[in-house]
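Please find below a colleague's note on the structure shown here. It is set out as numbered points for reading alongside the model.

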Amino acid sequence: MIKQLSFITYNMITLKNIRENQDLISKKLKSKNFEVDKIERLINKDSKWRENLTHVEKLKEKRNSASKQISIFKKDNKPADDLIIEMKKVSSEIKEIDSKNIEFKKEIDDLLLDFPNIPHDSVPIGLDESSNKIIRTWGEKPKFDFEVKSHIEISEKLNLLDFRAGSKISGSGFPVYIKKGAKLERSLINFMLDMHVDNGYDEMFPPFLVNSDSMKTTGQIPKFIDDMYQIPKDELFCIPTAEVPVTNYYRSEQLDESKLPVKFAAYSACFRREAGSYGKDTRGLLRLHQFNKVELVKFAHPDNSYNELESLLEDAEKVLQSLGLHYRVIELCTGDLSFSAAKCYDIEVWSPYEDKYLEVSSCSNFESFQANRGSIRFRSSKTGKMEYVHTLNGSGVATPRLLVALIENYQQKDGTIQLPKALQGYMNISAIKD
């Protein structure tokens with residue numbers, strides 16, 4: 001467990017915090033490979049906006065004072081034409097400045113939406129995944145006295161997956177699970193949901209389509225809009241993860257501090273265009289456009305969110321431990337953090353045929369980043385003031401690469417798959433055979 005660090009004042013992307021901590025925030029965001037010249041652009045627009053506000057307030061004071069003077073002139077039967085003409089010019093100037101400030105405000109808000117979350121102080125500094133740190137490993141790599149086969153070869157021989165049919169029906173990246181393969185997928189989902197409910201999570205079955213406000217809250221848009229499947233006619237998006245609808249469950253609401261943390265486990269299909277995946281390994285189940293995942297989401301008190309991150313990670317690890325799969329935990333460096341995350345751990349399971357680790361879970365603390373965008377708050381018993389909750393989420397876990405690892409690690413010399421004990425009750429068999 002890492003030591004709980006204090007709630008720092010610059011951990012939320014707001015104009016006020018950027019103004020007051022510009023150098024520090026620039027340094028933090030630069031470590032996340034953010035173009036920090038955008039900060040200067042934001043500050044300049046904000047300065048112009050505030051200058052305009054100050055100027056327009058002075059003009060309004062002048063107009064109010066003149067209005068009173070005009071009333072006095074009219075009461076005393078004195079000419080006020082020159083002053084009236086002057087005030088018409090002032091009113092026109094006020095209207096022009098207000099119009100400009102509306103544009104400035106929109107530009108500022110749009111710029112802020114492009115700002116990623118600030119990395120936590122404990123996150124290793126680095127440009128890319130080469131600077132990530134291995135935190136721990138669990139279990140041992142399996143040893144085989146025969147030539148290891150791929151999950152594709154095994155699943156096709158046992159009639160578990162049909163990639164050809166999926167391509168015909170939808171396109172590449174949309175596999176069809178059939179017969180015992182379909183039951184195995186369903187069993188994995190049920191097994192994981194049951195485990196997380198037993199660990200204190202409330203089960204939720206959310207919508208798979210969400211509106212743009214939901215996507216903005218969790219940070220998917222505008223940054224990753226090209227990776228989303230959209231339904232323009234209805235202004236809806238197919239969710240990339242259950243994190244989106246579950247986090248938005250409390251959007252624009254106030255939570256009871258005494259009930260924190262609130263914990264949800266949710267199954268959903270996930271849809272990702274993977275617009276930037278050209279050239280990456282897309283064979284079999286390694287990278288899909290539609291896949292299944294059980295997601296864990298927490299709404300936590302700021303004072304305890306990093307302890308909650310550690311327990312979230314442990315809850316995700318229990319899935320792989322129960323299935324007897326060798327894995328490792330990676331702490332991501334600043335340059336490899338996601339847009340919304342302040343700190344993140346990846347869990348990578350071992351694939352014998354690929355001879356490498358495959359990511360099956362990311363466990364992140366977003367601190368107040370998402371809560372600020374979605375206005376998810378609580379009233380502090382200490383200060384009596386409204387504060388933003390901290391949101392966390394983790395895959396608990398995604399099924400495609402889990403299925404890859406399961407098939408390859410438990411393959412037998414005769415071509416069958418021996419099932420781990422945790423799944424035998426769900427499948428009502430001990431092994432998958434022809």
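The points below pass from the chain as a whole to selected helices, rings and single residues.

1. The coordinates are those of a predicted model. The chain has 434 residues, of which 51% count as buried. Its secondary structure comes to 13 helices and 18 strands. The C-alpha trace spans about 110 × 50 × 40 Å along its principal axes. Among contacts with a separation of 6 or more, 75% are between residues 24 or more positions apart.

2. One helix pair deserves attention. Helix α2 (residues 22–30) packs against helix α3 (residues 37–75) at an angle of about 145 degrees, and the two axes are 10 Å apart. On the side of α2 the contact is made by Q22, I25, S26 and L29, and on the side of α3 by I39, E40 and I43. Sorted by class, this contact of α2 with α3 has four nonpolar, two polar and one charged residues.

3. The aromatic pairs come next, and the count comes to 15. In the pair F34 and F115, the ring centres are 4.9 Å apart; the pair is classed as tilted because its planes stand at 55 degrees. F34 lies in the loop between α2 and α3, while F115 lies in the loop between α4 (81–113) and β1 (133–138), so the pair ties together parts that are 81 residues apart in sequence. F34 counts as buried because its relative accessibility, 11%, is under the 20% limit. F115 is also buried, with a relative accessible area of 0%.

4. W138 and Y327 form a stacked aromatic pair, at 5.8 Å centre to centre with 15 degrees between the planes. This pair links distant parts of the chain, since W138 is in strand β1 and Y327 in strand β11 (residues 327–331), 189 residues apart. Are the two partners buried or partly exposed? W138 is partly exposed, with a relative accessible area of 32%, whereas Y327 is buried, at 0%.

5. Further ring arrangements should be recorded. Y249, Y250, F264 and F299 form one aromatic cluster. Two lysines lie over ring faces: K141 over that of W350, at 4.0 Å from the ring centre, and K263 over that of Y201, at 4.6 Å from the ring centre.

6. V297 is found in strand β10 (residues 290–300). V297 is buried, because its relative accessible area of 1% falls under 20%. Which residues does V297 touch, leaving aside its neighbours within four places in sequence? The contacts are with E243, V246, T247, V262, K263, F264, L392 and N393. Two of these residues appear in the previous point: F264 belongs to the aromatic cluster, and K263 lies over the face of Y201. In addition, the C-alpha atoms of V297 and T391 are 7.3 Å apart in space, although the two residues are 94 apart in sequence.

7. The last residue to be considered is S305, which lies in helix α10 (residues 305–322). Is S305 buried or exposed? Its relative accessible area is 0%, so S305 is buried. What joins the side chains of S305 and N365? A polar contact of 3.0 Å does so.

Terms used. Residues are numbered from 1 along each chain as its sequence is written. This is a predicted model: local features need pLDDT of at least 70, side-chain atom pairs count only at pLDDT 80 or more; totals for chains, interfaces and linings use all residues. Side-chain values use heavy atoms; hydrogens and water are left out. Helices (H or I, at least four residues) and strands (E, at least two) are DSSP runs, numbered from the N terminus. Buried means under 20% relative accessible area, exposed over 50%, partly exposed in between (1.4 Å probe, protein chains only). A polar contact is a pair of N or O atoms within 3.5 Å; within protein, one must be able to donate a hydrogen and the other to accept it, and residues adjacent in sequence count only if both atoms are side-chain atoms. Contact means heavy atoms within 4.5 Å. Axes are lines fitted to C-alpha atoms, for helices over the stretch in contact, and angles run from 0 to 180 degrees between N-to-C directions. Ala, Val, Leu, Ile, Met, Phe, Trp, Tyr, Cys and Pro count as nonpolar, Asp, Glu, Lys and Arg as charged, and the others, Gly among them, as polar. Rings of Phe, Tyr and Trp (its six-membered ring) pair if their centres lie within 6.5 Å; planes under 30 degrees apart count as stacked, over 60 as edge-to-face and the rest as tilted. A charge sits over a ring if NZ of Lys or CZ of Arg is within 6 Å of the ring centre and within 35 degrees of the ring normal.
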